[in-house]
Amino acid sequence: MSAMQQLSSPISSSSSAFLSHSSFNSRSKNVSVPAKRIGICKCVAVPQEAQTAYTTKVSRNANMAKLQAGYLFPEIARRKAAHLLKYPDAQVISLGIGDTTEPIPEVITSAMAKRAHELSTLEGYSGYGDEQGEKALRAAICSAFYSGLTVEQDDIFVSDGAKCDISRLQVLFGANVTMAVQDPSYPAYVDSSVIMGQTGQFQKDIQKFQRIEYMKCTPENGFFPDLSSVPRTDIIFFCSPNNPTGAAATREQLTQLVKFAKNNGSIIVYDSAYAMYTSEDNPRSIYEIPGAQEVAIETSSFSKYAGFTGVRLGWTVVPKILLFSDGFPVAKDFNRIVCTSFNGASNIAQAGGLACLSPEGLKAMHDVVGFYKENTNIIMETFDSLGFKVYGGKNAPYVWVHFPGRNSWDVFSEILEKTHVVTTPGSGFGPAGDGFIRVSAFGHRKNVLEACRRFKQLYK
């Protein structure tokens, strides 16, 4: 047997591991060597047992599970990001989320810069301020927006924006109130109601939550609900000029709304975040309506006037004579909510707010609003020329375009896919918004013009 044969042949463990004495004396050239059994080692991937994540014993808030998918605007951002992955070289234009694009006027930023610098000095430093806002700013808001009305400066609570105050108001009202909203309307009203536990389950067949009264606002009723068919609710959310439709309620309509609330013992939460865009003879505040201070709270913001979407500054008015059913002042409870959950708006932002309300600042804000209204006119004229029914625009920075018989998300996807322009599907604001898209006027002029050129190519 050759050495190679020996190596290739298995030798049992009982075989001699050494050559015999006689083998050493042999003159044979064939030499036997010790060998071990050679086996084959087979490597097999064995899946590890799935590891179970550690869970606490805290139950999830069941109301969060009621919410449908994601909040509207993050969902649009997600779809935009997916589109950019598909078309990495596309020049995407965003006319979807209502985010301002033009620089904050220098008269305003210089005041904020000055205040920021003062914080680096012993003389100018300040820490916590009043939770309700600096007195000078509250007085300036009262003078600029409520002159001649029944609002007093200590009715005003300065905040980090109207959206934040909507959630604080929901905490104030609690879980046991009933709610009415315009349909379509800003989704924060409904979502905050769901989170607070004011609603039942979502009904997929009609795209509505139980225990919320959806007040239908369509072209057929002039985007103002038929109040005679609306059941009584504790709270009525109402936005004018409206987001998303752009419709502004008339004085007569708001008089009807105040009377309706008073007859039912309801409280109106009036969102006037776009009041400065009103160009017709429509009220800019609910308090222009006699008796409103007894039934209404108003919330507003600097976001769309001065480009403060990132700076964050707004206010809410809660009149002292607005009372709960037991006679307790609503303002006192709201003050407690504010003091518990909020340390006051940034002192730098408040310095900017004061600058906004100076004569130069007010002019600068009107110039900013005027710029976006010019964008609105360009968008409206574009869709008008293409034969679409177009609403809004005159009193708001939004254009509400009708696509009869179409699903809003399908139209959104069609426009994004074929023009690389982001809009907002109307159904995201409520079931009555299906068949519409909202086009925002917040954009650089060149982008608005380019988007309109693409719209014309798609729908000519």
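This tour moves from a seven-stranded sheet to the helices beside it, one selection at a time.

The model is predicted, so that local features need pLDDT of at least 70 and side-chain atom pairs count only at pLDDT 80 or more, while totals for chains, interfaces and linings use all residues. Residues are numbered from 1 along each chain as its sequence is written, and side-chain values use heavy atoms, with hydrogens and water left out.

Select the sheet, whose seven strands (DSSP runs of E, at least two residues, numbered from the N terminus) lie in the order β2-β10-β9-β8-β7-β3-β6, open and with mixed pairing; two strands pair if DSSP finds at least two bridges between them. At its edges are β2 (156-159) and β6 (212-216), each pairing on one side only.

Next, select β2 with β10 (residues 314-317), which pair in the antiparallel sense over four bridges; Ser159 has Gly314 in β10 as its bridge partner.

Now add helix α6 (residues 162-173), which packs on the sheet and touches β2, β3, β7, β8, β9 and β10, contact meaning heavy atoms within 4.5 Å. Helices are DSSP runs of H or I with at least four residues.

Then show α10 (residues 330-341), whose axis comes within 10 Å of that of α6 and crosses it at roughly 115°; axes are lines fitted to C-alpha atoms, for helices over the stretch in contact, and angles run from 0 to 180 degrees between N-to-C directions. Here Asp165, Arg168, Leu169, Val171 and Leu172 in α6 meet Val330, Asp333, Phe334, Ile337 and Ser341 in α10.

Finally, select Gly387, which follows α12 and has a positive phi, near 90°.
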